[in-house]
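Q: Please take a close look at a single part of this model. I want one chain: its build, and how it meets its neighbour.

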Amino acid sequence: MKTAHQLADALASGETTSRALVESSFEAIRRLEGTLHSFITTTEAEALAAADASDARRKSGGALSPLDGVPIAIKDNICTKGVKTTCASKMLAEFVPPYDATVTTRLRERGLVCVGKTNLDEFAMGSSTEHSAFGRSSNPWNPACVPGGSSGGSAAAVAGGEVPWALGSDTGGSIRQPASLCGIVGVKPTYGLVSRYGLVAFASSLDQIGPMTLDVEDAALLLDAIAGPDHMDSTSAPKPPSGFHAALAGAKDLKGVRIARPREFFPETGVSKDVRASVDVAVEKARELGAEIIDVNMPHTEYAISTYYLVATAEASSNLARYDGAQYGFRVKGTKNVVDMFSQSRSQGLGREVKRRIMMGTHALSAGYFDAYYLKALKVRTLIKRDYDEAFAKADLIIGPTAPDVAFEAGAKSADPMAMYLCDIFTISLNLAGYCGLSMPCGFSQSGMPIGLQLFAGAFQEQKLLRSAKALESALGVVGSRYPKL
Amino acid sequence: MAITHDDVRHVAVLSRLEVTDEEVARYTDELTSIFGHIEQLNKLDTEGVAPTSRPLPMQNVFRADEVRTPLTPEAALANAPEQLADCFKVPQIL
């Protein structure tokens, strides 16, 4: 499978055209979608027109960027003007945004060609993509298994070879966990590095858009394309660092890099043998590359899921209050008053998991419970952030597994919501702290399913994060070593 | 704190969600289980700990008071389920 940077080189050298790349993408989509169901919407006519425009620009010496003409897929909770953006919900099944998300605009300005909108858990709430109102996506490595979530469609599209890269979003691990389960790279940027304008809001203090790619170099290239200040997002950082791809130059070892290894990420039980073995090998490889491995404690790790499921659901209950059938979206007709219209439209338009989280958040914020639940959770969030700050006082990076196990079979965790929530144990605290992190492939289980390694860095330390990941990726030799048989 | 059927019905009203009797029973079980797990936060002493509502420090973010190009009424109404002139049409409010 060619990476985006390989495709960009081939375009630059004249070896291929954008048209050829987009046609190839749609051939793969035609062949694989019956199995993978990565996409909710594909935009073949628009993509081919954009490809032809790209080829014409390049021919006349006017390529918009080195990435002009490279295909990409976008998670369907990111607004694309004129193209349905459904959030995998019946509520927005026919919603066509009148504007582009800032990240969409930035991709267009650089000439990237969007081939379609990928599947997700409804409103980004889930860890398996089983909560999509339009059917689940499948893991390319074993289609009976889930690709993870909520950015499961993006992960499957990249891992399955339908597109070289895609955008996802991460609120509690929704880029990193599917990246781990599908054997690709997924980056959650520092909160504020990438504009959230046009990302349908789930939890406003946790959400970030990020790259999902075949390798670390592509992740850095895509992050360069989408990152940076945006006046349309008041939470976007005004003067963040840039030049993530440039920072990779010469990355070959980890001399002088201190890596914290939290005891809580390497528990005696709760992580599968294969995952533990694979991650241990990666830690040893980091040591061989010259990194100093420092044991640390992050004692509030065990409280992260409870904290998250109060903070995120509270924010979600507020953000999803807008889905009432009044101005857009699904509306139940013929109701006798506006409150009935709100209640019936929401009840019929929103899925079970979404409604559960709205109920949770509303309860946590309601009179009499606010202090005990929401406010308490915000204080624990401070303690969780302190764990990170103490680790980053001693080390440059934090290392650990991304998920406790490899991809599970569809339906296996449907009976008990808590079972699904506990999948997020290693990813969730990063969003609460707001720092950056990624998942990268580090091996396979005995059953041939991908295993992901997580690396975290402090606020706006993406250059350090990506450079170290690049060195480790080369040394591990897992990326590009095998591909799913589809 | 056990969650009762009445709690669930109350939260449903606040959330503008309709719930059948079967759903009330199901939400009661699910919320009891989830909030039961969340009780573990009470083990932590958070006396004197400031709450963190946003991950990175931010003060009031202003922009210059300049007129920009807004959405046209047509664009803003394009997804309206029901429309009357330049307005979103809804059922009786009062």
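A: **Chain B up close**

In chain B, 18% of the 94 residues count as buried. Buried here means 20 or more other C-beta atoms within 10 Å of a residue's own; exposed means 12 or fewer, partly exposed is in between, and C-beta atoms are placed from the backbone. The model is predicted: local features need pLDDT of at least 70, side-chain atom pairs count only at pLDDT 80 or more, and totals for chains, interfaces and linings use all residues. Residues are numbered from 1 along each chain as its sequence is written, while chains are lettered from A and ligands numbered from 1 in the order in which they are written.

Chain B holds three helices and two strands. Their order from the N terminus is α-α-α-β-β. These are DSSP runs, numbered from the N terminus: helices are H or I of at least four residues, strands E of at least two. Chain B is more spread out than a compact globule, because its radius of gyration is 22 Å, well over the 12 Å of the globule rule for 94 residues. That radius is taken over C-alpha atoms, and the rule is 2.2 Å times the number of residues to the power 0.38. Along the principal axes, the C-alpha atoms of chain B fill a box of roughly 55 × 45 × 20 Å.

Now the helix pair. α1(B) and α2(B) pack at about 105°, their axes 9 Å apart. Axes are lines fitted to C-alpha atoms, for helices over the stretch in contact, and angles run from 0 to 180 degrees between N-to-C directions. The two helices are therefore roughly perpendicular, a label for 65 to 115 degrees (under 35 is roughly parallel, over 145 roughly antiparallel, the rest oblique). α1(B) brings His5(B), Val8(B) and Arg9(B) to this contact; α2(B) brings Val24(B), Tyr27(B), Thr28(B) and Leu31(B). Contact means C-beta atoms, placed from the backbone, within 7 Å.

Next, the partner. Chain B gives 41 residues to the contact with chain A, and chain A gives 54. On the chain B side, α1 (5-14), α2 (21-38) and α3 (73-77) each supply two or more. α2(B) gives the most, with seven residues. By class, this side has 27 nonpolar, nine polar and five charged residues. Nonpolar covers Ala, Val, Leu, Ile, Met, Phe, Trp, Tyr, Cys and Pro; charged covers Asp, Glu, Lys and Arg; the others, Gly among them, are polar.

Across the contact, the buried residues of α11(A) pack against α1 and α2 of chain B, together with α9 (304-319), α12 (371-394) and α13 (417-421) of chain A. α11(A) is largely enclosed by the rest of the structure, because 12 of its 14 residues are buried.

How values were computed:
Contact = placed C-beta atoms within 7 Å.
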